[in-house]
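Please walk through this structure stop by stop, with a viewer open. Each stop gives a selection to make and then what is found there.

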Amino acid sequence: MEIERDPPCPGPVRVMSVGVWGLDLEQPGSQDLILPNGGTPAGTASPASSSSLLNRLQLDDDMDGETRDLFVTVDDPKKHVCTMETYITYRITTKSTRVEFDLPEYSVRRRYQDFDWLRNKLEESQPTHLIPPLPEKFVVKGVVDRFSEEFVETRRKALDKFLKRITDHPVLSFNEHFNVFLTAKDLNAHKKQGMALLTRVGESVKHVAGGYKLRNRPLEFAAIGEYLDTFALKLGTIDRIAQRIIKEEIEYLVELREYGPVYSTWSALEAELAEPLEGVSACIGNCSTALEELTDDMTEDFLPVLREYILYSDSMKSVLKKRDQVQAEYEAKLEAVALRKEERPKVPADVEKCQDRMECFNADLKADMERWQNNKRQDFRQLLMGMADKNIQYYEKCLLAWESIIPLLQEKQEAK
Amino acid sequence: MNFLHMTENNFSLKKIEISVSEAEKRTGRNAMNMQETYTAYLIETRSVEHSDGQSVLTDSLWRRYSEFELLRNYLLVYYPHIVVPPLPEKRAEFVWHKLSADNMDPDFVERRRIGLENFLLRVASHPILCRDKIFYLFLTQEGNWKETVNETGFQLKADSRLKALNATFRVKNPDKRFIELKHYSDELQSVISHLLRVRARVADRLYGVYKVHGNYGRVFSEWSAIEKEMGDGLQSAGHHMDVYAASIDDILEDEEHYADQLKEYLFYAEALRAVCRKHELTQYDLETAAQDLAAKKQQCEELATGTVRTFSLKGMTTKLFGQETPEQREARIKMLEEQIKEGEQQLKSKNLEGREFVKNAWADIERFKEQKNHDLKEALISYAVMQISMCKKGIQVWTNAKECFSKM
């Protein structure tokens with residue numbers, strides 16, 4: 001699908017369908033927005049006005065509600081053994097009513113490096129947007145089996161999250177690379193064509209990197225920056241605490257596994273006490289199993305999500321930095337113009353473009369940040385409730401074990 | 001509190017209650033006139049009136065641990081066929097890191113107070129031991145009690161360790177049940193020791209798990225400061241994490257009572273072994289006496305018939321220094337015959353003694369077995385109840401935390 005690149009701000013402008021945007025006509029200020037049916041404006045009003053921003057936010061609500069028209073799932077990991085290497089692929093299932101998709105349903109297989117490619121492409125083509133993070137490429141801990149069930153499942157969940165976040169994003173979900181990723185039979189062929197699809201904006205933002213020093217970060221972005229710094233710190237602390245708890249729980253488990261059997265040994269010495277002692281031994285065994293399940297769950301479900309959010313806030317910080325660069329470039333150029341001695345200082349086109357770029361970036365960033373905050377709240381709510389749940393289940397299993405043994409202990413034994 | 005019937009001089013019958021109600025730090029001078037610090041325990045005895053159940057304080061005195069030890073050692077000597085209740089440990093063992101191993105630590109003193117009370121109650125409820133005069137005086141005569149005990153000369157009556165060890169190795173025909181019992185008490189001691197050691201480690205680890213959760217309290221609080229909507233939920237959840245972390249102290253303190261109940265039976269194993277040792281001693285004594293008697297009889301026979309089958313010093317010297325006169329031989333035979341008569345009497349009474357010992361000891365052992373089964377079952381039940389309580393508290397705290405998270 002060809003995309004026209006005239007508008008300076010690559011917003012939802014590019015890929016449109018009547019269905020999704022039709023609702024916008026009811027929204028106030030929608031006149032400012034570029035209308036559906038592929039029309040691009042004659043370069044007049046900048047889409048990065050507050051009203052269009054409002055529209056974008058409202059659009060998000062719609063997407064979360066009944067107008068979902070894109071569903072993506074990652075499942076069914078399979079191991080592939082080739083001569084050169086062994087790797088895992090995941091099945092990506094896409095269901096969509098969007099016009100951009102030729103078929104209503106797609107099913108393709110992708111491996112981690114395909115996801116990596118997608119993310120890079122998104123970063124290049126959508127530099128003003130926050131791209132969700134991927135699970136780490138290499139396993140830091142060293143002695144973890146890349147093909148173990150637990151590792152693959154953890155990764156699958158993270159990849160699923162990654163695609164769902166893109167799906168939920170009003171801009172990213174329309175990205176052509178994303179479309180290709182979801183639909184192409186042979187992704188590698190597309191990867192080779194990749195170079196041609198680089199956006200002008202992407203290029204220009206890349207060129208901005210380095211060289212300009214920002215004088216003043218606007219208050220709101222400074223606040224975001226500070227927030228992210230503290231947030232990442234706190235998450236890091238929570239990660240360390242969670243790890244420490246798991247470590248202590250595992251050591252507790254080791255002792256329990258020695259403790260239970262001693263009651264069994266004792267039971268063998270006794271007559272009347274044999275059954276009660278054996279019962280206690282079995283009970284402790286059940287508690288040990290429950291504890292093991294708890295530590296496994298925390299390791300597989302809790303820690304990875306926590307770590308991913310640290311990566312996520314790091315991504316956001318780097319987007320903030322890029323934004324700073326764009327602003328810096330604009331300010332520098334503006335200054336350069338001001339210094340030029342002219343009677344009618346005319347703002348040259350490229351400085352205007354810079355301003356547009358910056359304002360666009362600011363708008364995108366704010367929108368993304370808001371979305372990020374919302375998602376973060378929901379994700380953490382779910383994560384922490386999950387942690388509480390797992391602990392409750394652990395205690396409930398233990399409670400059941402001990403309660404069921406009380407009648408056995410109280411039983412009067414027949415005289416032998 | 002326990003009720004028992006006690007007789008003093010077989011004249012009066014009282015129902016009494018015993019308690020070790022207080023512990024107090026004291027300083028005094030020891031045998032070598034050096035200053036020392038020790039703990040004294042207040043023993044109160046109350047007699048209970050039949051009709052209205054009201055109790056009247058009849059005696060109250062202070063004793064220290066060493067006096068309890070003296071009492072027990074006395075009982076061990078005078079009642080060797082009884083499984084004598086053990087004292088609480090002298091020094092804190094099987095400690096996990098938080099518990100102090102210091103004898104002056106208030107928690108240790110408190111648990112010792114309970115253990116000493118338990119000891120007295122056990123003695124008082126024993127059908128035979130409760131009648132002992134020295135025990136009665138221990139509860140009622142503060143001054144001079146030590147002297148009174150020592151005057152019984154029980155230390156002299158005590159079997160030496162060496163003698164006991166010797167008997168253990170050389171006894172030929174001990175009662176089978178005692179062999180089994182000794183084996184059982186060895187195994188019991190080993191398994192309970194192991195259990196107590198591991199339990200202490202388990203307690204240590206559990207403590208760690210709970211306390212680390214306290215860190216969540218702090219970090220959630222700090223995090224809530226930078227959040228808008230999530231702030232309240234996080235803050236209150238953090239509070240519940242603090243509650244969770246703090247709850248382990250009481251939980252583990254309760255568990256120490258369970259450990260103390262196990263310890264009592266660990267030490268009871270030693271008391272069982274003491275009875276077995278006594279049996280081995282009496283049995284060995286009996287076997288030796290029988291052997292000696294048999295040897296003398298043979299000697300006598302040889303002298304009478306003139307055949308020398310066994311080596312004897314007299315025989316050798318006779319050979320070397322000349323035959324003895326018939327008168328001398330007669331005298332010797334007569335002496336031997338007297339010794340044999342005496343020996344037969346002694347053997348008879350030793351036999352009787354031995355059988356009495358076995359009968360009485362075994363009766364007490366049966367009593368002990370029932371007590372043990374009952375007590376340990378109760379201990380296991382109370383342990384299970386503790387675990388249930390701990391689980392319920394855990395569910396409560398995490399449910400509260402979950403609700404706070406849900407409000408984020």
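**Chain B as a whole**

Select chain B: of its contacts between residues at least 6 apart in sequence, 71% join residues at least 24 apart. The model is predicted. Colour chain B by secondary structure to see 10 helices and four strands. In sequence order the pattern reads β-β-β-β-α-α-α-α-α-α-α-α-α-α. Chain B has 408 residues, and 47% of them count as buried. Its exposed area is about 21500 Å², of which carbon and sulfur atoms supply 51%.

**Salt bridges inside chain B**

Next select Glu89(B) and Lys263(B). Their salt bridge has its closest N and O atoms 2.7 Å apart. Glu89(B) sits in the loop between helix H1 (65-78) and helix H2 (106-124) of chain B, while Lys263(B) is in helix H8 (residues 231-305) of chain B, so the pair ties together parts 174 residues apart in sequence. Is Glu89(B) buried or exposed? Glu89(B) counts as buried because its relative accessibility is 9%, under the 20% limit. Lys263(B), at 4% relative accessibility, also counts as buried.

Extend the selection to Arg111(B), Arg199(B), Glu255(B), Glu256(B) and Asp260(B): together with Glu89(B) and Lys263(B), these residues are linked in a network of salt bridges.

Now move to Asp159(B) and Lys278(B), whose side chains meet in a salt bridge at 2.8 Å, N to O. Asp159(B) belongs to the loop between helix H5 (154-157) and helix H6 (161-170) of chain B, and Lys278(B) to helix H8 of chain B, so this pair ties together parts 119 residues apart in sequence. Asp159(B) is partly exposed, with a relative accessible area of 32%. Lys278(B) counts as partly exposed at 21%. Over all chains, the structure holds 65 salt bridges.

**Chain A as a whole**

Select chain A, which has 10 helices and three strands. Along the sequence these follow the pattern α-α-β-β-β-α-α-α-α-α-α-α-α. Buried residues are 50% of the 416 in chain A. Of the chain A contacts with a separation of 6 or more, 74% are between residues 24 or more positions apart. Chain A exposes about 21000 Å², with 53% supplied by carbon and sulfur atoms.

**Three stops on helix H10 of chain A**

Start at Asn362(A), in helix H10 of chain A. Its side chain makes a polar contact of 2.8 Å with that of Arg323(A). Which residues does Asn362(A) contact, leaving aside its neighbours within four places in sequence? They are Phe221(A) and Arg323(A). With 14% relative accessibility, Asn362(A) counts as buried.

Go on to Gln393(A), in the same helix, H10 (residues 349-410) of chain A. Gln393(A) counts as partly exposed, at 39% relative accessibility. Add Pro170(A), 223 residues from Gln393(A) along the chain: the two C-alpha atoms are separated by 38 Å.

The last of these stops is Leu400(A), also found in helix H10 of chain A. Leu400(A) is exposed because its relative accessible area is 60%, over the 50% limit. From Leu400(A) to Ala223(A) the C-alpha distance is 50 Å, with their positions 177 residues apart in sequence.

**The interface of chain A and chain B**

Show both chains and select the residues in contact: 56 in chain A and 54 in chain B. About 5400 Å² is buried between the chains, 75% of it on carbon and sulfur atoms. Highlight Tyr259(A), Trp266(A) and Tyr395(A), which supply 13% of the area that chain A buries against chain B, more than any other three residues.

Across this interface there are 18 residue pairs in polar contact. The elements giving two or more residues to the chain A side are helix H8 (219-269), helix H9 (274-339) and H10 of chain A. H8(A) has the largest share, 24 residues. By type, the chain A side divides into 32 nonpolar, seven polar and 17 charged residues.

Between chain A and chain B the count is 10 salt bridges. One pair to select is Arg201(B) with Glu255(A), with closest N and O atoms 2.8 Å apart. Finish with Glu222(B) and Lys234(A), a salt bridge at 2.6 Å between the closest N and O atoms. This pair crosses from helix H7 (residues 176-224) of chain B to helix H8 of chain A. Glu222(B) is partly exposed, at 30% relative accessible area, whereas Lys234(A) is buried, at 14%.

Notes:
Residues are numbered from 1 along each chain as its sequence is written. Chains are lettered from A and ligands numbered from 1 in the order in which they are written. This is a predicted model: local features need pLDDT of at least 70, side-chain atom pairs count only at pLDDT 80 or more; totals for chains, interfaces and linings use all residues. Side-chain values use heavy atoms; hydrogens and water are left out. Buried means under 20% relative accessible area, exposed over 50%, partly exposed in between (1.4 Å probe, protein chains only). Contact means heavy atoms within 4.5 Å. Buried area is the accessible area (1.4 Å probe) that two parts lose on being put together, summed over both. A salt bridge is a side-chain nitrogen of Lys or Arg within 4 Å of a carboxyl oxygen of Asp or Glu. A polar contact is a pair of N or O atoms within 3.5 Å; within protein, one must be able to donate a hydrogen and the other to accept it, and residues adjacent in sequence count only if both atoms are side-chain atoms. Ala, Val, Leu, Ile, Met, Phe, Trp, Tyr, Cys and Pro count as nonpolar, Asp, Glu, Lys and Arg as charged, and the others, Gly among them, as polar. Accessible areas come from the Shrake-Rupley method with a 1.4 Å probe; for residues, only the protein chains shown count as cover.
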